[in-house]
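Reader: I should like to go through this structure by question and answer. Please begin with the chain as a whole and then turn to its parts.

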Amino acid sequence: MQPMPAAAAAPSESARPVKQSVEDFAVGKKLPAPRTLPGSDRKIAPLTSEMKPTEPKSLAGTSATTGAGISFSGDATRASAANNLYCTPYISHETSVVPVRTGPYSDTSYMAGVQCNFVLDHMYGVSGAIDRSPYYQGEIGYIGREFAHSGDSGSSFGGFRVQGDRFDGGRQVEIVLELVLVASAIWVACDPLPGLRYLLCEGLGTKTMHVVVGTAAFSTGLAPPVIRYAALGDSYSAGNGAPTDLDLTLAPDCRRSTQTYSYRLTSTRLPLGGRGESLPIDVPFLGACSGARIEHFDTAQPEARTAQRKFVSRGNDRLVTLTFGGNDLGFTDRLESCFKGYCADEPLLAQADLTALQGRLTALYRNIRSHMRADGLLAVLSYPAVLPNPNDPQDYQRDFVRCTAVNNFLSDRELRRIYEAATQIKEVIAAAVAATGDPRVRFIDTLDAFRGHRVCAPDDQLWAANISYTTTSDTFHPNPAGYQEMARQVRAQLGLG
């Protein structure tokens, strides 16, 4: 971009020092606030202009001189002359491979800015990534940090970093830079820029230039797009009842297992709304922990050492699953009291406690959604009933030899109370999901998923851990086959491929 020199314009050999502003990288998707152009009442809304390829152009009667450019590979050439004043936009990138918990992913840093060989009255810039892939046409993927200066010469830039596994959909992307440049002279040309194209050029013949340049669509070279997935909650999501084989050093008491339902969703495909496309689900970031309560989403429980919200990556997770609420009601303790005494005379759960739980769960779901992608999906599971239901002949078996632990200690009336309580918890969870008013919060009903396979079923049909008085942390939980069934319920009710 080339300005027409004013009578007293400062040449590039000006004694003014060159000032360079290095901004921290920032990743986000929130569009910058509208800005008022200096010296006028006109406002622009950054990164919302119609961006279509525009040929380089110049004012009639002027001879445009191609200014120095910088290619996308990052190799710069510069030239200056006393009466050849210009600003050169540039976009560069650097890719590296970084290890994360689920494997190595490409990490690419994009940096965009402008260099000028004369003193500007004001400059403003912001960079972004536009997804040019099918079904994502024109979607803003990432937005860099804004930069703005007045009365400075030299250069300024901002940028953003994209981790490969998080840029889902980004097989074809265009990096863009939007600039507002105010000079004491009028602008005469949008000169060609090696390696870049103009998407907007307005302001020729004035002192304020508004321009958008881009790289054109290119292959990111990042890791294949995936669904970022976090699995949160308590023991029914951590994996009690299955062998503990995760976080054995840092959080062994969380009882995390690769046989829990979340790991069995890996590589299944989640539809992307109405776009006609789906993406595979990544290995979960498993933050669920045995004994977790609602408060442990924001506050670390002693067994876990970190709050579960740390497992949710703001703005990137498309899928979160969870089970929460049972420990807040002390449901396992109530089950144990039924085995040790008699619990059929009154309901196990008070209505006031259930009402309070519903409100807390609704607030939790909204909180979690605020940490996810706007189009992400929060799947809330109910708890599967693991003890027999006496009212269901298919489910209940009075085999005293096979099911001594249940038949010797629990009456039919007590079993009905227990199933009644499990049903109440399911209804509270479903009501809390509905109360969010958010269609991206989905309820997964697993209450009767183990019908015919609950405690007392034959070993080859058993989906619940056996009743034990020595390993009580597994009692009342699914076994590996039960977690497989929970995963099947999630797949079926969410329509996963």
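**A predicted model, examined by parts**

Reader: How many helices and strands are there in the chain?
Author: The model under discussion is predicted. Of the 497 residues of the chain, 54% count as buried. Among contacts with a separation of 6 or more, 73% join residues 24 or more positions apart. As for the elements, the chain has 6 helices and 23 strands.

Reader: In what order do the 5 strands of the open sheet stand?
Author: β17 and β20 pair in the parallel sense over 2 bridges, with Ala231 opposite Leu286 in β20. β17 (residues 229-233) also pairs with β21 in the parallel sense, over 5 bridges, and β21 pairs in parallel with β22 (residues 377-381) over 4 bridges. The order of the open sheet is β20-β17-β21-β22-β23.

Reader: Which strands stand at the edges of the sheet?
Author: The sheet is open, and its pairing is parallel. An edge strand has a single partner, so one side of it is left without a neighbour in the sheet. The strands in that position are β20 (285-286) and β23.

Reader: Which helix packs on the sheet touching β21, β22 and β23?
Author: Helix α5 packs on the sheet by touching β22 and β23, and its direction makes about 165° with that of β23. The helix that touches β21, β22 and β23 has a direction that makes about 130° with that of β23. That helix is α6.

Reader: How many residues of strand β21 are buried?
Author: In a regular strand the side chains alternate between the two faces of the sheet. In β21, Leu319, Thr321 and Thr323 are buried on one side, and Val320 and Leu322 are buried on the other. Two of these residues have named bridge partners: Leu232 stands opposite Leu322, and Leu378 in β22 is the partner of Val320. The strand is largely enclosed by the rest of the structure, because its buried residues number 5 of the 5.

Reader: Which helix gives the most residues to the largest nonpolar core?
Author: The largest nonpolar core has 78 residues, and those with the most contacts inside it include Leu232, Leu361 and Leu378. A second, separate core of 32 residues includes Ile91, Val173, Leu196 and Phe218. Leaving aside neighbours within four places in sequence, Leu361 is in contact with residues including Val428, Ile429 and Ala432. The helix that gives the most to the largest core, with 8 residues, is α5 (residues 412-435).

Reader: Within what arc do the buried residues of helix α2 fall?
Author: The buried residues in α2 (residues 331-340) include Phe331, Leu335, Cys338 and Phe339. What covers them includes α4 (404-407) and α5, whereas the face turned away from the buried side carries the exposed residues Asp333 and Lys340. Seen down the axis of α2, the buried residues line one face of the helix, because they fall within an arc of 100°.

Reader: Is Thr475 buried or exposed?
Author: Thr475 lies in the loop between β23 (441-444) and α6 (480-494). Not counting residues up to four places away in sequence, Thr475 touches Asn466, Ile467 and Ser468. The cut-off for a buried residue is under 20% relative accessible area. Thr475 has a relative accessible area of 3%, so this residue is buried.

Notes:
Residues numbered from 1 in each chain as written. Predicted model: local features only at pLDDT ≥ 70, side-chain atom pairs only at ≥ 80, totals over all residues. Heavy atoms only, no water. Buried < 20%, exposed > 50% of the residue type's maximum accessible area, 1.4 Å probe, protein only. Pairing = 2+ DSSP bridges. Core = buried A, V, L, I, M, F, W, Y, C linked by side-chain atoms within 4.5 Å. Contact = heavy atoms within 4.5 Å. Arc of directions from axis to C-beta. Axes fitted to C-alpha atoms, helices over the stretch in contact; angles between N-to-C directions.
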